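Me: I am new to this structure. Please take a close look at the residues packed inside the protein, and tell me what they touch.

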Amino acid sequence: MTNAFFTLYQGLAREGPGEPADVAWAADIVGLKPDARICDAGCGSGADVPALLAAAPQGKVTAVDSHKPFIDELWMRIGPNPRVTAYAGNMAKLKGPFDLIWSAGALYFLGVTEGLVHWRPALAKGGMVAFSEPCWFSDAPSEGARAFWMEEYPAITDADGIDARIRAAGFETVAVRRISDTAWAAYYDALQARVAALRPGADAALTAVLDAAQTEIDLWPRAKADSGYLLSVVRPV
Ligand SMILES: C[S@@+](CC[C@H](N)C(=O)[O-])C[C@H]1O[C@@H](n2cnc3c(N)ncnc32)[C@H](O)[C@@H]1O
């Protein structure tokens with residue numbers, strides 16, 4: 001991640017759309033025990049860590065992200081907590097066992113199939129993975145939706161396509177739901193405010209990052225009817 005990119009995201013509540021209700025929903029589907037061992041893979045600055053701790057009140061959360069400054073922000077967000085371990089590292093190399101591997105908007109960096117194959121040995125018996133992934137919600141996405149995702153994630157597919165990638169890893173889908181419009185709006189409202197705040201005095205590198213973020217923000221209203229994030233809870237078969 002470049003410095004300019006990190007400058008944009010520094011201090012934001014999240015680095016992708018999502019909300020605590022998503023974590024609670026997944027924990028319910030998994031049947032998470034109070035003392036569950038959870039991994040937040042690609043945790044960013046730790047937006048979901050409080051909700052994960054709440055989902056397992058006597059449990060432990062291990063948060064990993066490749067970008068060290070996000071881990072520093074995570075600690076600033078939650079403060080010292082004996083139930084949390086956080087480190088900068090590669091989420092392809094998780095050391096379990098975990099009852100839940102949670103990954104909000106990050107698995108696509110590894111690829112759904114490839115990531116699940118990596119994570120399988122890190123799951124405890126009966127453990128599951130919950131991840132959100134870009135998804136078409138229409139058979140004929142609009143031009144605006146295509147323009148948005150061709151820029152963001154050309155490998156986007158629909159729910160059947162995600163399920164095929166899950167099955168190719170030797171997993172099965174237990175339940176799915178969409179990340180809400182409210183979560184997307186909150187994410188882009190915060191990003192828009194950050195772009196506006198950083199414009200004055202931005203150097204060339206930061207200006208390029210701000211322009212790209214503005215394009216994304218401007219395209220989203222044309223994309224959201226036909227696409228978004230699908231949250232899938234999956235388990236090995
Ligand atoms: C879109 S952000 C989502 C962050 C957070 N889960 C959230 O929802 O706010 C994706 C995160 O994945 C991290 N990431 C990408 N590849 C990674 C890897 N191989 N290992 C660990 N983290 C990775 C990035 O640094 C980034 O923080």
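Reply: What follows is a walk through the interior, and then out to the ligand. Keep in mind that this is a predicted model.

Start with the largest nonpolar core. It has 56 residues. Leu 8, Trp 149 and Leu 191 touch the most other members. Among the elements of the structure, helix H9, residues 204-223, gives the most to this core. Its share is eight residues.

Now take two of those well-connected residues in turn. Leu 191 first. Set aside its neighbours within four places in sequence. Leu 191 is then in contact with Leu 8, Tyr 9 and Leu 12, and also with Ala 213 and Ile 217. So one of its partners, Leu 8, is also among the residues that touch the most other core members.

Trp 149 comes next. This residue is found in helix H6, which covers residues 143-152. Is Trp 149 buried or exposed? Trp 149 counts as buried, because its relative accessible area is 3%, where buried means under 20%. Its contacts, again without neighbours within four places, make a longish list. Trp 149 is in contact with Pro 134, Trp 136, Pro 154 and Ile 156. Trp 184, Trp 220, Ser 227, Gly 228 and Tyr 229 are in contact with Trp 149 as well. Sequence distance is no guide here: Trp 149 and Glu 216 are 67 residues apart in sequence, yet their C-alpha atoms are 9.3 Å apart in space.

A second core lies apart from the largest one. This other core has 23 residues, among them Ala 41, Met 91, Ala 122 and Ala 169. Follow Ala 169 to Thr 113. Thr 113 touches Ala 169, along with Arg 165 and Ala 168, not counting residues up to four places away. Thr 113 is found in helix H5, residues 112-119. Thr 113 is buried, with a relative accessible area of 18%. Its side chain also reaches the backbone oxygen of Arg 165, at 2.8 Å.

Follow Met 91 instead, and you arrive at the ligand. There are 18 residues around the ligand. Arg 14, Glu 15, Gly 42, Asp 65 and Met 91 come nearest. Nitrogen atoms of the ligand figure in several polar contacts. One such atom is 2.9 Å from a polar backbone atom of Met 91. For Ser 66, a polar backbone atom is 3.0 Å from a ligand nitrogen. For Asn 90, an N or O atom of the side chain is 3.1 Å from a ligand nitrogen. On its own the ligand has 600 Å² of accessible area, and the protein covers 90% of it.

Helix H2, residues 20-30, has its own buried residues. They are Asp 22, Val 23, Trp 25, Ala 26, Ala 27 and Val 30. What covers them includes helix H3 (49-55) and strands S4 (98-103), S5 (123-136), S7 (171-178) and S8 (227-236). Just after H2, Gly 31 takes a positive phi of about 70 degrees.

Last, the cysteines. How many disulfides does a search of the whole structure find? It finds zero. Cys 39 is in no disulfide, and the nearest cysteine sulfur is that of Cys 43. Why is Cys 43 unbonded to Cys 39? Their sulfurs are 8.3 Å apart, which is too far for a bond. Both residues are buried: Cys 39 has 1% relative accessibility, and Cys 43 has a relative accessible area of 6%.

Technical notes. Residues are numbered from 1 along each chain as its sequence is written. This is a predicted model: local features need pLDDT of at least 70, side-chain atom pairs count only at pLDDT 80 or more; totals for chains, interfaces and linings use all residues. Side-chain values use heavy atoms; hydrogens and water are left out. A nonpolar core is a set of buried Ala, Val, Leu, Ile, Met, Phe, Trp, Tyr and Cys residues joined through side-chain atoms within 4.5 Å. Buried means under 20% relative accessible area, exposed over 50%, partly exposed in between (1.4 Å probe, protein chains only). Helices (H or I, at least four residues) and strands (E, at least two) are DSSP runs, numbered from the N terminus. Contact means heavy atoms within 4.5 Å. A residue is near a molecule or strand if one of its heavy atoms lies within 4 Å of it. A polar contact is a pair of N or O atoms within 3.5 Å; within protein, one must be able to donate a hydrogen and the other to accept it, and residues adjacent in sequence count only if both atoms are side-chain atoms. Accessible areas come from the Shrake-Rupley method with a 1.4 Å probe; for residues, only the protein chains shown count as cover. A disulfide is a pair of cysteine sulfur atoms within 2.5 Å.
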